[in-house]
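Q: I'd like to learn how to read burial, fold pattern and chain contacts. Can we go through them one at a time?

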Amino acid sequence: MTAALPSVNDHFDYESALAGCAARDVTALRRLYEHAAPYLLGVAVRIVRDRALAEDVLHDAFVKVWSHAHTFDPARGAARGWLFSLVRHQALNLVRDRLRLVLPDEDMAQAIEDEAALAAVAGTAPAGETRVMLGRLAICLEQLDPPKRDSILYAYVDGCSHSEIATRLNAPLGSVKAWVRRGLQALKECMQ
Amino acid sequence: MSDDWDALDDLAAGYVLGTLSAAQREEVARRLPQEPGLQDRVDDWEARLHPLSALAEPVTPAPRVWAGIARSIGHAEQRPKPATPATGTPGWWHSLALWRGIAFGATACSLLLAAMLGLRAFAPPAPPRYVVVLAAPQDKTPGWLIQASSPRRLKLIPLGAQAAPTNRALQFWTKADDWSGPVSLGLVQADQSLDVALDRLPALQDNQLFEITLEPAAGSPIGRPTGPVLYIGRAVLVR
């Protein structure tokens, strides 16, 4: 599955678009939207898994860009990262709130998963996708054991909770929590 | 070496990765503005993991999304660039609540008008008023079709949907935007159509959520979905 991937070094000037938004220039917001909206909607769709909900996320995120562009601080990171993070967190807040509604607590989720019957619909492993990634992160991810790598990808790209990863990998919740934590530790160390 | 890994790293990395619960996410969001140390680590993790965003395939938004944004920030489509002052407090026209209110009022008026005209024009036969396609969340394969010829009755039709494994059941749920949680519409078979009367529920609404989840053979023991979502979709009003 090698769909056309957006390059992480895309040449759009996110910094000046955000500066335009902070100066209340609607055309700057429009330019930002026209360039980035399909990538951002793609990120949101993967996390919330519903097209209409993802479009709501995109709407709310751009309204937030307009009202919060002046808080963007280039010293703390790139504008592209700021924008993508804003959309991801908007999407994650939505799915975590929904999960809180559907599954009152993690114990219950675990009790259900201990029946181990949900494995029948486990998702497919994203192994092939990892190769197309860019830079140091790709190298560091390749060095992780597959369960750690898959746990991190399922969480970041698909917005999976620990319980959902446990279902997909047909593994106990405790193991998944340990894989995620150790995987992140190894990534931090590898990327230093 | 992971000796410099501490509780703050756990929190920051979990926040950026997305594995924290809703309550933990709220806690981090509350602490971030006051704790530069936590903010620094969150920034580091955002930068480290950002390349993974490229794994999500782009999806082109519907034109109404931009129209909605323009409305929400107080800029109608026809007037893309009114000269607003660069400083000073925003005027009433920047009030999201106000514009949402006006937009909602206008939509309600047009729906009422459309309903009245519709009633007059074609009194007896009511065509299907809502349709929902329930698709698999991962690959968007359509699995079920819902037709509702009135807001009080709907028909669920399988389109080659996946059957439940042995000792499990498929359960059909719905939730409108303002309900506190999903309501069960019963267990379903992947090879059978099902007629459902919504007599104990509010009338069907535009955008109402429907889903089919995998549950224990007797259905969810707690009256809410417990298993994974196999198919999901929203009601679309057919005009």
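Q: Which residues in helix 8 of chain A are buried?

A: First, the ground rules: this is a predicted model, where local features need pLDDT of at least 70, side-chain atom pairs count only at pLDDT 80 or more, and totals for chains, interfaces and linings use all residues. Residues are numbered from 1 along each chain as its sequence is written, while chains are lettered from A and ligands numbered from 1 in the order in which they are written. A residue is buried if 20 or more other C-beta atoms, placed from the backbone, lie within 10 Å of its own. In helix 8 that picks out A:His162, A:Ser163, A:Glu164, A:Ile165, A:Ala166, A:Thr167, A:Arg168 and A:Leu169. So that's eight of eight residues in the 162–169 helix.

Q: What comes just after helix 8 of chain A?

A: A:Asn170, with a positive phi of about 50°.

Q: How many helices and strands does chain A have?

A: Helices (H or I, at least four residues) and strands (E, at least two) are DSSP runs, numbered from the N terminus. Chain A has nine helices and zero strands. Across its 192 residues, 44% are buried.

Q: How many residues does each chain bring to the contact?

A: Two residues are in contact if their C-beta atoms, placed from the backbone, lie within 7 Å. Chain A gives 65 residues and chain B gives 57. On the chain B side, helix 1 (7–17), helix 2 (22–31), helix 3 (36–49), helix 4 (63–72) and strand 8 (229–234) each supply at least two residues.

Notes. Buried ≥ 20, exposed ≤ 12 C-beta atoms within 10 Å, placed from the backbone.
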